[in-house]
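Me: Please take a close look at the enclosed space in this model, and then carry on to the open pocket and the helix packing. I would like the residues named and sorted by class.

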Amino acid sequence: MSRWLQSLNPEQQRAVLYREGPLLILAGAGSGKTTVLVARAGSLIESGVRADSICVLTFTNKAARELKHRVQQKLGRSSRGLWAGTFHSFGLNLLRRHASQAGLPSHFGIIDHSDGQAVLKDLLRTLSVPGRDKFDLEKLLSLINELRLVGRFRSPAEDEYRDVAEVLKDRYLKRLQSLGVVDFEGLLLKPLELLNEHPEIKEALHQSLRYLMVDEFQDTNSLQMELIDSIMNKDRNLAVVGDDDQSIYGWRGAEVTHILDFPKRYQNCEVIRLER
């Protein structure tokens, strides 16, 4: 028996050994899902799959570091190249490699939420709007990002906030472009634009990534699903792990339907439920 299967129960072993095609692993807290992801990655590499052809998307940098560390503990140098990180880290990595095609300077910067609000404050001064100095910048930036991410407003807001958000959205994006920076939302939106506008980059990515895994899949939002579909190649070697009873990231726009409808979205999907 492979060392990666030792101490695993039958369901966990099945999840580790399933290789070809889409796989949905339903796993609640305490069911050993992290152990399964580690064993899947390690087992693939040990069987001859190149480490740099495996990508594991997580929701926290801590989870990514733990996975890589546990694989490296057993495999050492042969695990070098295994990519594990958050969706935003993946987007940043892709933009760094293809900055010019994405319309960015080679050493573009990343701005945080407070920097984005500062940009908005400056842009507000260009508008002839009553009470412009009293606008809640956090609320306004949130509305602009809703327009960017889903193309519509989802949150309740006063008409003047919506009107200003619609006026400032394009100006905000142009200002980021002129500054040579990307904000948090742009780390997902710009990679999608890049892949849609440059099929040769998308094809090269499909050639290099053979296996894709996603942790905490119940917490994915629509934009993250788009990214998953864009980077997955025709072999559809996609394994996702999630809990169909919880969604702790609902405030980020997570849609639990993504995990519930996974077997419909990806035909001939294997479903394995891990028990505690």
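Reply: By class, the residues that line the largest cavity comprise 5 nonpolar, 2 polar and 2 charged, and in this predicted model they are L209, R210, Y211, L212, I231, M232, N233, R236 and N237. The volume of this cavity is about 50 Å³, and the structure holds 1 cavity of 30 Å³ or more.

Turning to open space, the second largest pocket has a volume of about 250 Å³, and its lining divides into 5 nonpolar, 2 polar and 5 charged residues. The charged residues of that lining include R148, K169, D183, K190 and E193, while L173, L176, V181, V182 and L189 are among the nonpolar ones, and Q177 and G186 count as polar. Helix α7 (159–179), strand β5 (181–182) and helix α8 (186–197) each supply at least two residues of this lining.

As for the helix packing, α2 (residues 33–46) packs against α3 (residues 61–75) with the axes 9 Å apart and at an angle of about 45°, which makes α2 oblique to α3. The crossing of these two helices is right-handed. On the α2 side the contact is made by T34, T35, L37, V38, A41, G42, I45 and E46, and on the α3 side by E66, L67, R70, V71 and L75. Sorted by class, the residues of this contact are 7 nonpolar, 3 polar and 3 charged, with E46 of α2 and E66 and R70 of α3 among the charged ones.

Key. Residues numbered from 1 in each chain as written. Predicted model: local features only at pLDDT ≥ 70, side-chain atom pairs only at ≥ 80, totals over all residues. Heavy atoms only, no water. 1 Å grid on protein atoms, 1.4 Å probe; cavity = no way out; pocket = protein on both sides within 12 Å on 5 of 7 lines; lining within 4 Å. Points joined across faces, edges and corners; volume = space filled by probe spheres on them. Axes fitted to C-alpha atoms, helices over the stretch in contact; angles between N-to-C directions. Helix = DSSP H or I, 4+ residues; strand = E, 2+ residues; numbered from the N terminus. Parallel < 35°, antiparallel > 145°, perpendicular 65-115°, else oblique. Left-handed = near helix turned anticlockwise from the far one by under 90°. Contact = heavy atoms within 4.5 Å.
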